[in-house]
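Here are some worked exercises to try with the model open in your viewer. Take each task on your own before you read its solution.

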Amino acid sequence: MSRMIFVNLPTSDLARADKFYSALGFTKNDTFSDENATSWIIAENILVMVLQEEFYSSFLVGEDKPAVGPGHRECLNALSADTREEVDEFVASAQAGGGAIYRPADEPFPGMYQAAVQDPDGHVWEIAWMSQEAMENPGT
């Protein structure tokens, strides 16, 4: 069995979060979705679990609290894109789903095109395309 990754994110509004992840074109996994959480399939072995804040808190220990909203940046979730156009489409879909641009699209070096968006709870999703040449010769 291949290793899988489950990104767990807290939300203050499950319906609003569902609108966002649906707009990105991810597939909802109804088997692991209920009134406390929804599961979204990003790729065969990559899923995002969006959990109501109270439910998310039940997995935390000590004084830890969910990071929801502005000013909280526990991680940057990053996805690859097959084309530059896919980066732009991802950003447009995120905005249509209630998200916002976190970092506008740019080309930090030749052959790499990237952008970042925030979901309605402030979680950041980066999307980047790299040319084959840039992957073979990074930084040139």
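Buried means under 20% relative accessible area, exposed means over 50%, and partly exposed covers what lies in between. Keep in mind that this is a predicted model.

**Exercise 1. Sort residues by exposure**

Task: Decide whether R103, V50 and M1 are buried, partly exposed or exposed.

Solution:
- Step 1. R103 has a relative accessible area of 25%, so R103 is partly exposed.
- Step 2. V50 sits in strand β4, residues 46–52. Its relative accessibility is 2%, so V50 counts as buried.
- Step 3. M1 belongs to the segment before β1 (5–11). With a relative accessible area of 98%, M1 is exposed.
- Step 4. M1 also joins M4 and F6 in a nonpolar surface patch, and together they have about 390 Å² of accessible area.

**Exercise 2. Follow the salt bridges**

Task: Find which side chains pair with D121, R84 and E126, and work out which parts of the chain each pair ties together.

Solution: As background, side chains of opposite charge can pair when their charged atoms come close. The structure holds 4 salt bridges, and we walk through some of them here.
- Step 1. The partner of D121 is R16, at 3.0 Å from N to O. D121 lies in the loop between β7 (112–118) and β8 (124–130), while R16 is in helix α1 (residues 14–23), so this salt bridge ties together parts that are 105 residues apart in sequence.
- Step 2. Now check the cover on each side of that pair. D121 counts as buried because its relative accessibility is 3%, whereas R16, at 32%, counts as partly exposed.
- Step 3. R84 meets E107 in a salt bridge of 3.3 Å, N to O. Helix α3 holds R84 and strand β6 (residues 100–109) holds E107, so the pair connects parts 23 residues apart in sequence. R84 has 30% relative accessibility and counts as partly exposed; E107, at 42%, counts as partly exposed too.
- Step 4. E126 pairs with R103 at 2.9 Å, N to O. E126 is in strand β8 and R103 in strand β6, so this pair ties together parts that are 23 residues apart in sequence.

**Exercise 3. Describe the largest pocket**

Task: State the volume of the largest pocket, say which element gives the most to its lining, and sort the lining by class.

Solution:
- Step 1. The volume of the largest pocket is about 250 Å³.
- Step 2. Its lining residues include L24, F26, I42, L79, E86, F90 and I127.
- Step 3. β3 (37–43), β5 (76–80) and α3 (84–96) each supply at least two residues of this lining. The most come from α3, with 4 residues.
- Step 4. By class, the lining divides into 8 nonpolar, 2 polar and 2 charged residues.

**Exercise 4. Repeat for the second largest pocket**

Task: Say which residues are closest to the centre of the second largest pocket and where the largest share of its lining comes from.

Solution:
- Step 1. The second largest pocket has a volume of about 190 Å³.
- Step 2. It is lined by 17 residues, of which N8, L9, E74, C75 and H123 are the closest to its centre.
- Step 3. β1 provides the largest share of the lining, 5 residues.
- Step 4. The classes here are 8 nonpolar, 6 polar and 3 charged residues.

**Exercise 5. Compare sequence and space**

Task: Give the C-alpha separation of V50 and D106.

Solution: V50 and D106 are 56 residues apart along the chain, and their C-alpha atoms are separated by 28 Å.

Terms used
Residues are numbered from 1 along each chain as its sequence is written. This is a predicted model: local features need pLDDT of at least 70, side-chain atom pairs count only at pLDDT 80 or more; totals for chains, interfaces and linings use all residues. Side-chain values use heavy atoms; hydrogens and water are left out. Patches are made of residues with over 30% relative accessible area and no salt bridge: like charges are joined within 9 Å, nonpolar side chains (Val, Leu, Ile, Met, Phe, Trp, Tyr) within 5 Å. Accessible areas come from the Shrake-Rupley method with a 1.4 Å probe; for residues, only the protein chains shown count as cover. Buried means under 20% relative accessible area, exposed over 50%, partly exposed in between (1.4 Å probe, protein chains only). On a 1 Å grid over the protein atoms alone, a cavity is a set of points where a 1.4 Å probe fits but cannot get out, and a pocket is an open set with protein on both sides within 12 Å along at least five of seven lines; lining residues have an atom within 4 Å of a point. Grid points are joined across faces, edges and corners, and a volume is the space filled by probe spheres set on the points. Ala, Val, Leu, Ile, Met, Phe, Trp, Tyr, Cys and Pro count as nonpolar, Asp, Glu, Lys and Arg as charged, and the others, Gly among them, as polar.
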